[in-house]
Amino acid sequence: MTSATRQPQPPAAAARPRLIATDLDGTLLRDDKSVSPRTVAALAAAEEAGIEVFFVTGRPARWMDVVSDHVHGHGLAICGNGAAVVDLHGGPGSHRFVKVRALARENALDTVRLLREAAPGTVYAVEQTYGFNQEPEYPKMHLEVPDVLRPAEELLGPDGPAPDEPVLKILAFHPTIEPDAFLTLARLAVGDRANVTRSSPSALLEISGPDVSKASTLALCCAERGISHEEVVAFGDMPNDVEMLTWAGQSYAMGNAHPDAVAAASGRTVANNDDGVALVIEQLLARTA
């Protein structure tokens, strides 16, 4: 990871923003998973100025309680790295899926097979719209308890849990391979069967449908609103943000960002713990006042 304390570097010329798209972990949220008072005020000021704010995250809908009080008017968030658009107005446990971009089970099974062959020792979890299941060997990374413990091939098969419920993504973990090396290996092994990315500091990959990313789903949401990519300002810090940072007319990598995110962004801000998103929003609003 890299770090920085310098002020944001804005693009030389930029359209007036109509939508702010921000990642959460490592970006909008501080390391303790809080939203600072300064950031809350900046988000509210953006909405008051007529700029929509979209949270665009790898998190599943059930983990969105950290920002559910800050969704303002539209209440929508892009979850699962673009696999779902969710209305957060119902609060934790009552989220409504507005759009689902599922990973076909055939593609998921192919991915599991190919990655097992390329990286023996890989273990899996399966994220569905309302369920989370995993292999017995998959590490306990979160506070939640999986619904079912079975091999991935069974979890994704016709007799698996909730076979009619969409698969949003599969998670692949390897205990010994270096994270970026695992990402490169997996992308070569899987090819165009799925979109493979990562946002964790560990060797944990997030695997979605072939055309599913934060950027592609954000583009769909913007098209529905008549918003062009030049009118979008995006923030991110990890490889799963790269497509979004590249697509947006203005984009900022955090001071704590992965080198791939830094290379993809058109600008740079300070770290998440220093309220880098809020700092840029304040400057944008000052320039467009």
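Helices (H or I, at least four residues) and strands (E, at least two) are DSSP runs, numbered from the N terminus. This is a predicted model, in which local features need pLDDT of at least 70 and side-chain atom pairs count only at pLDDT 80 or more, while totals for chains, interfaces and linings use all residues. Residues are numbered from 1 along each chain as its sequence is written, and side-chain values use heavy atoms, with hydrogens and water left out.

**Stop 1: helices α2 and α9**

Two packed helices are described by the angle between their axes and the distance between the axes. Axes here are lines fitted to C-alpha atoms, for helices over the stretch in contact, and angles run from 0 to 180 degrees between N-to-C directions.

Select residues 37-48, which make up helix α2, and then add α9. The two helices pack at an angle of about 35 degrees, and their axes are 9 Å apart. Their crossing is left-handed (the near helix is turned anticlockwise from the far one by less than a right angle; clockwise would make it right-handed).

Show the side chains next. On the α2 side, the contact (heavy atoms within 4.5 Å) is made by Arg38, Thr39, Ala42, Leu43, Ala45 and Ala46. On the α9 side, Ala278, Leu279, Ile281, Glu282 and Leu285 take part. Sorted by type, the residues of this contact are eight nonpolar, one polar and two charged. For this sorting, Ala, Val, Leu, Ile, Met, Phe, Trp, Tyr, Cys and Pro count as nonpolar, Asp, Glu, Lys and Arg as charged, and the others, Gly among them, as polar.

Before leaving α9 (276-288), select Asp274, in the loop between β13 (267-268) and that helix. Asp274 is partly exposed at 42% relative accessibility (buried means under 20% relative accessible area, exposed over 50%, partly exposed in between, with a 1.4 Å probe and protein chains only). Its C-alpha lies 8.9 Å from that of Gly255, and the two residues are 19 apart in sequence.

**Stop 2: helices α3 and α5**

Select residues 105-118 for α3 and 179-190 for α5. Their axes come within 9 Å and cross at roughly 125 degrees. The two helices are therefore oblique to each other (angles under 35 degrees count as roughly parallel, over 145 as roughly antiparallel, 65 to 115 as roughly perpendicular and the rest as oblique). The crossing of α3 and α5 is right-handed.

Which residues of α3 meet α5? They are Thr111, Leu114, Leu115 and Ala118, and they face Phe182, Leu185, Ala186, Ala189 and Val190 in α5. This contact divides into eight nonpolar residues, one polar and no charged.

**Stop 3: Leu183, Thr197 and Asn81**

Stay on α5 and select Leu183. Leu183 is buried, at 4% relative accessible area. Beyond its neighbours within four places in sequence, Leu183 is in contact with Val196, Thr197, Arg198, Leu205 and Pro239.

Move to Thr197, in strand β9 (residues 195-197). The C-alpha atoms of Thr197 and Leu183 are separated by 6.6 Å, with their positions 14 residues apart along the chain. Thr197 is buried too, with a relative accessible area of 5%. Neighbours within four places in sequence aside, the contacts of Thr197 include Asn81, Arg187, Leu204, Glu206 and Asn240.

Follow that list to Asn81, in the loop between β3 (76-79) and β4 (84-87). Is Asn81 buried or exposed? Asn81 is buried, at 3% relative accessible area.

Most residues other than glycine have a negative phi. Phi of Asn81 is positive, near 60 degrees. Ala162 also has a positive phi, of about 45 degrees. Select Ala162 in the loop between α4 (152-155) and β8 (167-173); Ala162 is partly exposed, at 34% relative accessible area.

**Stop 4: the aromatic pairs**

The structure holds two aromatic pairs. Rings of Phe, Tyr and Trp (its six-membered ring) pair if their centres lie within 6.5 Å; planes under 30 degrees apart count as stacked, over 60 as edge-to-face and the rest as tilted.

Select Phe97 and Tyr130, an edge-to-face pair with 5.1 Å centre to centre and 80 degrees between the planes. Phe97 is in strand β5 (residues 96-100), and Tyr130 is in the loop between β6 (123-128) and β7 (132-134), 33 residues apart. Phe97 is buried at 18% relative accessibility, whereas Tyr130 is exposed at 62%.

Finish with Phe235 and Tyr252, a stacked pair with 5.6 Å centre to centre and 20 degrees between the planes. Phe235 lies in strand β11 (residues 232-236) and Tyr252 in strand β12 (residues 250-253), so the pair ties together parts 17 residues apart in sequence. Both residues, Phe235 and Tyr252, are buried.
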